[in-house]
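Student: I have a chain to go through and would like to work from its sheets to its domains. Can we take it one question at a time?

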Amino acid sequence: MSRIDELLAAMTPEEKIGQLVMRAAGFSVTGPVLGGDATDDVRAGRTGSLLNVFGPEATRAIQRVAVEESRLRIPLLLGFDVVHGHRTVFPLPIAEAGAFDPDLWERTARASAVEAAKDGVKLVFAPMIDIARDPRWGRIAESPGEDPLIAALFAEAKVAGLQGDDLGHETAVAATAKHFVAYGAAEAGRDYATTDLSERTLHETYLPPFEAAVQSGVAAVMPAFSDLAGVPMTANRRLLQDWLRGTAGFEGVVVSDYHALAELIAHGVAADAVEAAALAMRAGVDIDMMSEVYREGLAPALARGLVEIEAVDAAVRRVLALKERLALFERPYGPDAAPEAEALEERRAARRLAREAAARSIVLLTNRNATLPLPQTPQRIAVVGPLADARADMLGCWSGAGEARDAVSVFEGLAAARPDCDWRLAPGIGIRDGDDSRVEAALGVAAAADLVILCLGEASDMSGEAASRSDLALPGLQQDFADRVLALGRPVVAVLSGGRPLAVQGLAEGAEALLATWFLGHEAGNALADVLTGRTGPSARLPVTWPRSVGQVPLHYDARPSGRPASPEHYTSKYIDGPVTPLFPFGHGLTYGRFELTGLHADRPVAHSGETVAVTAELANTGDHFGEETLFLFTRRPVSAVARPRLTLKAFGRLALAPGARGRLTMLLPVEALRSLDADLRPTLEPGAVELLVGPSADPERLVSFWIEVRAGRRA
């Protein structure tokens, strides 16, 4: 008899339910209900998992209660939000996605896993792979953006980095793909609001990242808080059981979000905790995080016949199997502490990686008159604006166990990078307050400078969970302050920090250079200095379409064309008070090089099922600086049984070239990737002409296209 069989046979009903209960009993507040001391429940077998406990001393103390003082000696599963780092904070996911570099995504996840595992954490609530197309939604900050291919690759890389090759390794942690599914399509961009979308959009856009996570072996999946077409995800048997466990083949643990099971009552699908427990258990939710619904309602639900004991046993078996895969029965206390010299070098290596990731996440949106990189000659430079020296805000939302005191602010990083320059700091205003008492002093500093670095954006708590905004404008007095700085006539480099795209058309048009730095983590200031000084060239691209105004959202590059595409004519799909085009398209980002696409070809004009088309682009860097160009391969079907998007991303690649150098970049397009869902939502490879479009963004004017013929049958 296996260990799991023996434990199941020995368990009382209360102990079985206990394995399905996760309580918060630690150091972070991540939901609306506060945790407390769970020691007695752990000792009595009434709790199988804990949330928000980390650190060797704390985790070993509570694990000791579980494995030495409880009746069955079952170790705890200790979970924590490691969204973009643990002790070392890396860039926000929306920022890091802009690197378009799966290797980087995996490396930062691996570093995060090592730190979390050494802190006793074995279950992390990441990656967040919600497709996000509405910047009003605060959790776009945690998302890899708007494109399902990028989100799928992000999911694969993060799962690989977090879990490693063997979940039983001491530095592996169990990843949790969240939030299943379509949470990012919340109505009006308002967190927790209802979601209602077509089955086609669900299957084409929102499910593929989760399918990729499952195929990568993700250990856990977290359902969203929201409902989909009236069915809350924690009670959605059709998607959790039929699609996730059935179609996708997921065999791991489903863990609810914080307090979500109790919210089935607020959703209006359950009258009380008993009905909520039955709905969630029948839908396939294994662990109830901090709602007390399973603890209070599951036993009565069993007694009333609302749920079968076999469903409970299956859930317990999955939880115990995960603990076994994590080697918690053999090593409940985590790895031993490394020698101080080794630990110091690990911390330094993590910071070096954080600096690299941050630099590769900065998007250069505009750069008029080659203002950047900064000239080598000494200058008097004013650093103004509310984010100029905002160290804590650089960490962004969900910064885990990271300490704000360890962050590098913009001013600190710049001053350290160029000590030959005369740096003057004058924030002038707060991020969102109405105090203008320091404005005149800041304007005076800016007026006396050779160059102004204007640091604007959001506070770290203005994005993330429960941080939706109805307006995308700069908060507080920032727009007025920016206008007054621009009016001085000094060259201005604008640095935009935040967790979402903001409506900054005036800033984009008025500043010599504009950079989207998002929130870059601990090494924010150093990474920005690397890019501004030219030590590292900017290479990131936008993983989301950047709107001109809030009235354009939701906005994404792969919309369908409509029967009346936008044009100057009256009866077309347009606005009467502004353009339909974005401020910056998906994929936009400049480098210090100047790249020209000099040649483009495919290795075959006709492609059959089972083959792969190699698309080769020839590039030349005609600029004065080294640069790294990113090219995107989109496809378009002009005629199809179902109207297809104007563009669909199928591949991307990067090529670094010195000034004057030429090179080739090859992107591979499997013919099977051209399958699409027919009218009955069945994957189908339609024969016919397919347009391939290659360029540095989704801007139609920058794409070069050619055609191939697709034939469904295999080549004879």
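Tutor: The questions below concern a predicted model, and each answer ends on what was asked for.

Student: In what order do the strands of the eight-stranded open sheet stand?
Tutor: The pairing in this sheet is parallel. Its edge strands are β9 (253–254) and β10 (288–289), each of which pairs on one side only. Read across, the order is β9-β6-β5-β4-β3-β2-β1-β10.

Student: Which residue of β6 stands opposite T176?
Tutor: Strand β6 covers residues 220–223 and pairs with β5 in the parallel sense. Four bridges hold this pairing. Opposite T176 in β6 is A220.

Student: Which residue does a cis peptide bond join to K178?
Tutor: Omega at this bond is about 0°. The partner of K178 is placed in strand β5, residues 174–180. The residue joined to K178 is H179.

Student: Where is P127 placed, and what is omega for the peptide bond from A126 to P127?
Tutor: P127 belongs to the loop between β4 (123–124) and α7 (148–163). The bond that leads to P127 from A126 is cis. Its omega is near 10°.

Student: What is the phi of R73?
Tutor: R73 sits in the loop between α4 (56–69) and β3 (77–80). The residue is not a glycine, yet its phi is positive. The value is about 60°.

Student: Why is one side of β11 and of β13 left without a neighbour in the sheet?
Tutor: Six strands form this open sheet, with mixed pairing, in the order β11-β16-β15-β14-β12-β13. β11 (363–367) and β13 (422–426) therefore lack a neighbour on one side because they stand at the edges, each with a single partner strand. From one strand to the next, the twist averages 15°.

Student: Which residue is the bridge partner of V452 in β15?
Tutor: Strand β14 takes in residues 451–457 and strand β15 residues 492–497. The two pair in the parallel sense over six bridges. The partner of V452 in β15 is V492.

Student: Which strands does helix α16 touch, and what angle does its direction make with that of β13?
Tutor: Helix α16 (residues 410–417) packs on the sheet. The strands touched are β12 (380–384), β13 and β14. With the direction of β13, that of the helix makes about 170°.

Student: At what angle to β12 does helix α17 run?
Tutor: Helix α17 is made of residues 439–447. The helix lies across β12, β13 and β14. Its angle to β12 is about 150°.

Student: How far apart do the C-alpha centres of domain 1 and domain 2 lie?
Tutor: The chain is divided into domain 1 (357–552) and domain 2 (595–711). Their contact takes four residues from domain 1 and seven residues from domain 2. The centres are 34 Å apart.

Student: Which three residues supply 80% of the area that domain 1 buries against domain 2?
Tutor: The two domains bury about 470 Å² between them. Carbon and sulfur atoms account for 37% of this area. On the domain 1 side, the 80% share, more than any other three residues supply, comes from R360, S539 and R541.

Student: Which residue forms a salt bridge with E629?
Tutor: Between domain 1 and domain 2 the count is two salt bridges, and three residue pairs are in polar contact. In the salt bridge of E629, the closest N and O atoms are 2.3 Å apart. The partner is R541.

Terms used: Residues numbered from 1 in each chain as written. Predicted model: local features only at pLDDT ≥ 70, side-chain atom pairs only at ≥ 80, totals over all residues. Heavy atoms only, no water. Pairing = 2+ DSSP bridges. Axes fitted to C-alpha atoms, helices over the stretch in contact; angles between N-to-C directions. Contact = heavy atoms within 4.5 Å. Domains from an automatic or database assignment. Buried area = accessible area lost by both parts, 1.4 Å probe. Salt bridge = Lys/Arg side-chain N within 4 Å of Asp/Glu carboxyl O. Polar contact = N/O pair within 3.5 Å; in protein donor to acceptor, adjacent residues only side chain to side chain.
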